[in-house]
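Good morning, colleagues. Please bring the sequence and the structure up on the screen, and I shall take you through a few of its features.

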Amino acid sequence: MSKVFEYMKPYTGLVLLTVLLLAAETACALLLPSYMADIVNDGVLTGHIHVIWHNGVIMLVITIISIIVASVAGFLISKTATGVANDLRLAVFQKVLRFSDAEMNHFNTSSLITRTTNDITQVQNTLMMAIRQFIYAPMLGVGAIILAMERSVSMTWIIALATLVMVGTCFILFIVAMPKFKMWQGLIDRLNSVTRENLSGILVVRAFSTQNFEKKRFGEANKDLADTQLFVNRAFSTLSPMIYLVMNLTTVGIVWVGARQASAFRADVGDIFAFLQYGLLIIFAFLMLAIMFIMVPRAVVSANRIKEVLETEGSIQFREETVSFAEDFKGVVEFRDVSFRYPDTIDAEDNVLEGISFTAKPGETTAIIGSTGAGKSTIFKLLLRFFDVTGGAILIDGIDIRDLSKDELHDKIGYVPQKVFLFSGSIKTNLLYANQGATESIIEDAIDIAQARAFIEEREEGYESNVAQKGVNFSGGQKQRISIARALVKKAQIYLFDDSFSALDLKTDALLRNALKEKMTDSTMLVVAQRISTIMDADQIVVLEHGKIAGCGTHTELLKTCEVYRQIAASQLSEEELNL
């Protein structure tokens with residue numbers, strides 16, 4: 001919970017004001033039994049009606065003050081807890097935005113969603129209770145004990161016994177429920193993961209008719225969570241009847257002992273009434289603390305999960321002192337003997353890339369091709385610093401990208417990912433995503449190059465046409481063209497196309513590549529592709545095989561010198577095309 005307390009510092013003033021208000025509320029609660037005793041002793045028993053009215057009015061005023069003070073304190077507590085939750089949620093979200101692929105692989109998406117929502121809500125709710133209970137209950141309990149002993153020392157054993165029973169009951173519940181609290185949040189993660197996976201892959205589930213299997217898998221995850229929650233709820237369901245039993249027995253005990261003392265003239269009837277009220281307040285105070293000690297463990301589990309995210313050090317560290325590109329930026333990209341292995345692998349044999357060296361120049365297209373798993377997309381991830389190289393260096397205009405700031409690096413690059421992702425909104429909001437200040441002419445040029453004008457203008461609302469979540473209301477080829485146009489709107493000097501033409505028909509593919517070559521004459525373009533036809537006109541083709549360069553050159557040169565490239569070409573091109 002230490003991390004939560006750090007986020008409470010800006011609300012110190014509100015907490016201190018809340019303490020004062022709770023102290024006033026406590027004073028009001030402690031004063032009422034005394035006035036009640038005076039009404040009985042000095043009013044009812046003596047027949048002095050004016051004493052009853054006088055003390056009754058005072059009690060009414062105290063009650064009104066108590067209601068006002070409690071309401072204001074509740075508002076401040078709510079404001080503090082909500083503010084802390086808001087700050088925590090924002091901090092977690094900002095932290096996740098800075099995570100590299102390595103951290104995202106460590107925390108799966110479902111778990112991060114649970115930590116950002118359910119865990120923080122749990123901390124917020126517990127914090128609201130804790131601020132009140134841990135301040136109000138001790139003051140109420142200590143004050144009630146002092147005032148109760150002033151009324152009757154001989155009956156304090158009844159309160160002590162009742163308190164001991166309550167604390168013992170809560171301790172047993174704590175021991176029983178604590179392990180389940182630790183399981184609770186993990187089971188929510190699991191349920192969210194299964195649900196998210198099923199909803200995302202619903203078409204695959206239907207295509208293979210595996211609804212019953214997925215229903216069973218979801219049912220198991222759901223049942224595990226339900227059983228855990230049911231166990232905890234059953235355990236705590238015993239608390240309420242135990243509270244009423246102890247309080248009623250305490251009342252009976254105090255009345256019985258007090259009646260005997262009153263009949264022996266060793267205690268006033270009003271004092272017995274006051275002692276009874278103070279006794280119930282003492283039990284109530286201990287009960288509030290006991291319940292909090294039971295509730296806090298689950299909040300601690302949630303807080304630790306939040307802390308784990310906030311204190312995770314990113315594997316990609318950008319230096320405080322960075323360099324900047326020269327004003328005459330060219331965009332020369334150089335891979336110099338680059339090697340890479342994913343985090344948590346030790347052996348050099350686990351290298352995904354090894355000894356990668358090539359240079360991509362402005363005004364030229366450098367294509368990268370190879371079999372599945374050869375490391376093509378990894379090259380782009382390294383260039384974008386989603387991962388850091390484990391050997392060698394990547395340079396842009398002679399500057400190691402590790403010496404650049406994140407913004408300096410990414411501002412120069414337009415990226416079209418292999419897995420197209422469109423944000424919900426409109427076509428225009430997606431096009432402006434990387435360049436909010438883009439003019440209409442820039443957007444029009446990007447749309448023309450991406451060959452997207454036809455299907456956009458076919459829609460009644462044009463650029464304002466709705467884009468559903470993940471762009472599900474567009475075909476694969478349409479989404480790719482919008483994604484390409486989005487990158488072009490950025491007006492970057494370096495463009496990375498990660499297998500971005502795979503969903504396009506051959507005619508559209510050819511038109512798009514020709515437009516890129518004509519319009520983007522000063523840009524450095526790197527293209528990852530599976531189809532030979534997409535890259536055969538590239539100025540330079542890098543062939544990867546098992547993470548190493550198997551060949552580098554033009555299409556014609558590689559057909560003569562690179563066996564790997566020749567095999568790929570033979571599987572895709574006809575004999576006539578191979579011999580051209």
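In which sense do E3 and strand E11 pair, and over how many bridges? The model before us is a predicted one, and in it E3 and E11, the latter covering residues 540–545, pair in the parallel sense over five bridges. Within this pairing, isoleucine 369 stands opposite valine 543 of E11.

Let me now place these strands in their sheet. The sheet is open and has six strands, in the order E6-E9-E10-E3-E11-E12, and its pairing is mixed. At the edges are strand E6 (413–416) and strand E12 (548–553), each of which pairs on one side only. Direction ignored, neighbouring strands of this sheet are turned by 15 degrees against each other on average. Helix H20, residues 563–572, packs on the sheet and touches E3, E11 and E12. The direction of H20 makes about 95 degrees with that of E11.

I turn next to a single residue of E3. Threonine 366 lies in this strand, which spans residues 365–370. Is threonine 366 buried or exposed? Its relative accessibility is 0%, so threonine 366 counts as buried. Leaving aside residues up to four places away in sequence, threonine 366 touches Phe358, Thr359, Ala360, Met525, Leu526, Val527, Gln540 and Val542.

Finally, a word on the surface. Ile49, Trp53, Val57, Val61 and Ile65 make a nonpolar surface patch of about 510 Å². Of these residues, valine 57 is found in helix H3, which runs over residues 49–97. Valine 57 has a relative accessible area of 45% and is therefore partly exposed.

How values were computed. Residues are numbered from 1 along each chain as its sequence is written. This is a predicted model: local features need pLDDT of at least 70, side-chain atom pairs count only at pLDDT 80 or more; totals for chains, interfaces and linings use all residues. Side-chain values use heavy atoms; hydrogens and water are left out. Helices (H or I, at least four residues) and strands (E, at least two) are DSSP runs, numbered from the N terminus. Buried means under 20% relative accessible area, exposed over 50%, partly exposed in between (1.4 Å probe, protein chains only). Contact means heavy atoms within 4.5 Å. Patches are made of residues with over 30% relative accessible area and no salt bridge: like charges are joined within 9 Å, nonpolar side chains (Val, Leu, Ile, Met, Phe, Trp, Tyr) within 5 Å. Accessible areas come from the Shrake-Rupley method with a 1.4 Å probe; for residues, only the protein chains shown count as cover. A salt bridge is a side-chain nitrogen of Lys or Arg within 4 Å of a carboxyl oxygen of Asp or Glu. Two strands pair if DSSP finds at least two bridges between them. Axes are lines fitted to C-alpha atoms, for helices over the stretch in contact, and angles run from 0 to 180 degrees between N-to-C directions.
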